[in-house]
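Me: I'm new to reading protein structures, and I'd like to go through one slowly with you. Could you take my questions as they come?

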Amino acid sequence: MPFYQRRGDVPRKRHIVFRENGRLLTEEVMGLEGFTGNESILYHLESPCRVKELGEFRPIEREEWVPEAHAHRRMDTYDISPGGDEISGRRTLMWNSDVEISLCRPDSTMDYFFRNGEGDEVIFVHEGTGTLETTFGDVPYKDGDYVVVPRGTTYRFVPEGPQRYLIFETPGLIEIPKRYRNQYGQILEGAPYYHRDLHPPTELNTQRDKGDFLVKVRVRGGIQDYVLDYHPFDVVGWDGYLYPWTFSIHDFEPITGRIHQPPPSHQTFQGPNFVICSFCPRKLDFDPESVPIPYHHSNLQSEEMIYYVSGNFGSRKGISVGSITLHPSGLPHGPQPGLAEKSLGVTETTELAVMCDTFRPLRLSTLARDLDDGVYAYSWHEPPADDPSLAGVTSHL
Ligand SMILES: [Fe+2]
């Protein structure tokens, strides 16, 4: 999506004869919005329609938790037990019709290929390194990367070491915010990142193996299995604007100001009716009279989920690495008692956090129920905390 790329061999023009060792290759136009959106053109050894066997279809089933009370919530996710692989190990925490937010801590890896046929994915790599092998080539990833995978991309993870992900899946498109781009698509001066921070596939490794290859495709609310008799990474070349890429949260250039900067200054991606934001280490507001932590605010139309990645979260009792706070719509929230006073004069924050704000209410899974601490809603009722930790180090509450 970010800009034109080309890997491997492509013919001099679109839609003309292109052979390899005398064999006519199969051209596939993979695009969005009915041939008017971004697209890539891929050249396959085999027809991408070629299926040897149709396997089973399994609906994706979610267990919903409907809490008795509408309230702010806090969950600790760090100690969730590992399980499954990078796909089967995804455990949905909350969702609505625009986005599905899952945790994944795999303890095995994929012996098959996967394609999300009905949504774009953003995989935030909290812990882990490895390579996402895809039809478009290899996409190396590391701690702190957002791995952006457009729908239709066949892939498999090749991890190195333990992995921990926060995953967003959407039936819409994951995009660079429109206000960061000019009319030609170039990222503007003043945006918190630039094209050099976006990393497309590094290398195309055309596979020519024959045999049985299982591809699981998410489609129609379930997973459909297909068996191919050729390796699905049979692309000899492609070009275009549609491909997987990574962006590191550590390359997000925070925007600071003399007084408090609102959450949109942290926006990293846009989706339909939701945004994903990055809260990164930075200098805080520098006016001598500024209040470095946020004002109270009412999410009248938004649900606000924050996943704490690393840093000192001392201004919020009970916040630690892997914690999630959920501030649902219709309720005000803000610093707990005494914290605004304590934050005065604080000059920087070391926080690293990922936030997802949705415009439509989020439904919660039974996993959220199991992780919910049940007491966070009362944390504004407690007397001021008397701990020596720096206030304001969590800059968004
Ligand atoms: Fe907030």
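Reply: What follows is a conversation about the domains, strands and sheets of this structure, which is a predicted model.

Me: Let's start broad, then: what domains does the assignment give?

Reply: The domain assignment of the protein gives domain 1, made of 5-62 together with 81-248, and domain 2, which covers 249-378. The C-alpha centres of domain 1 and domain 2 lie 30 Å apart.

Me: And how many residues are in contact between domain 1 and domain 2?

Reply: On the domain 1 side there are 31 residues in contact, and they meet 29 residues of domain 2. The elements giving two or more residues to the side of domain 1 that touches domain 2 are E9, E12, E15 and strand E20 (245-248).

Me: Which of them gives the most?

Reply: That is E9, which gives five residues to the side of domain 1 that touches domain 2. Sorted by class, that side of domain 1 has 17 nonpolar, eight polar and six charged residues.

Me: Staying with E9, which strands does it pair with?

Reply: Strand E9 (residues 90-95) pairs with E10 in the antiparallel sense over five bridges, and a hairpin of four residues joins E9 to E10. E9 also pairs with strand E30 (residues 363-365), again in the antiparallel sense, over two bridges. Met94 is a good residue to look at in both pairings, since it stands opposite Ile101 in E10 and opposite Leu364 in E30.

Me: You mentioned E15 as well; why is it described as largely enclosed?

Reply: Strand E15 (residues 154-170) has 17 residues, and 12 of them are buried, so the strand is largely enclosed by the rest of the structure. Buried here means that 20 or more other C-beta atoms lie within 10 Å of the residue's own.

Me: Which strands are joined to E15 by bridges?

Reply: Among them is strand E12 (residues 120-134), which runs antiparallel to E15 and is joined to it by 13 bridges, with Glu121 having Glu169 as its bridge partner. Strand E10 (residues 100-104) is joined to E15 by five bridges, also antiparallel, and there Leu103 stands opposite Leu166. Strand E11 (residues 113-116) runs antiparallel to E15 with two bridges, and the bridge partner of Arg115 is Thr154.

Me: What actually holds paired strands together?

Reply: Strands of a sheet pair through backbone hydrogen bonds, and the pairing can be either parallel or antiparallel.

Me: New topic: in what order do the strands of the six-strand sheet come?

Reply: The six strands form an open, antiparallel sheet in the order E8-E26-E25-E29-E22-E21. Its edge strands are E8 (73-76) and E21 (267-271), each of which pairs on one side only, and the twist averages 15° from one strand to the next. Within this sheet, strand E25 (residues 303-310) and strand E29 (residues 352-358) pair over seven bridges in the antiparallel sense, with Tyr307 opposite Val354.

Me: And what about the four-strand sheet, which strands stand at its edges?

Reply: That open sheet has the order E1-E19-E5-E4, with antiparallel pairing. Strand E1 (5-8) and strand E4 (26-31) stand at the edges with a single partner strand each, so one side of each is left without a neighbour in the sheet. The twist averages 15° from one strand to the next. Five bridges join strand E5 (residues 39-44) to strand E19 (residues 235-240), where Ile41 stands opposite Asp239.

Methods: Residues numbered from 1 in each chain as written. Predicted model: local features only at pLDDT ≥ 70, side-chain atom pairs only at ≥ 80, totals over all residues. Pairing = 2+ DSSP bridges. Axes fitted to C-alpha atoms, helices over the stretch in contact; angles between N-to-C directions. Domains from an automatic or database assignment. Contact = placed C-beta atoms within 7 Å. Nonpolar A, V, L, I, M, F, W, Y, C, P; charged D, E, K, R; others polar.
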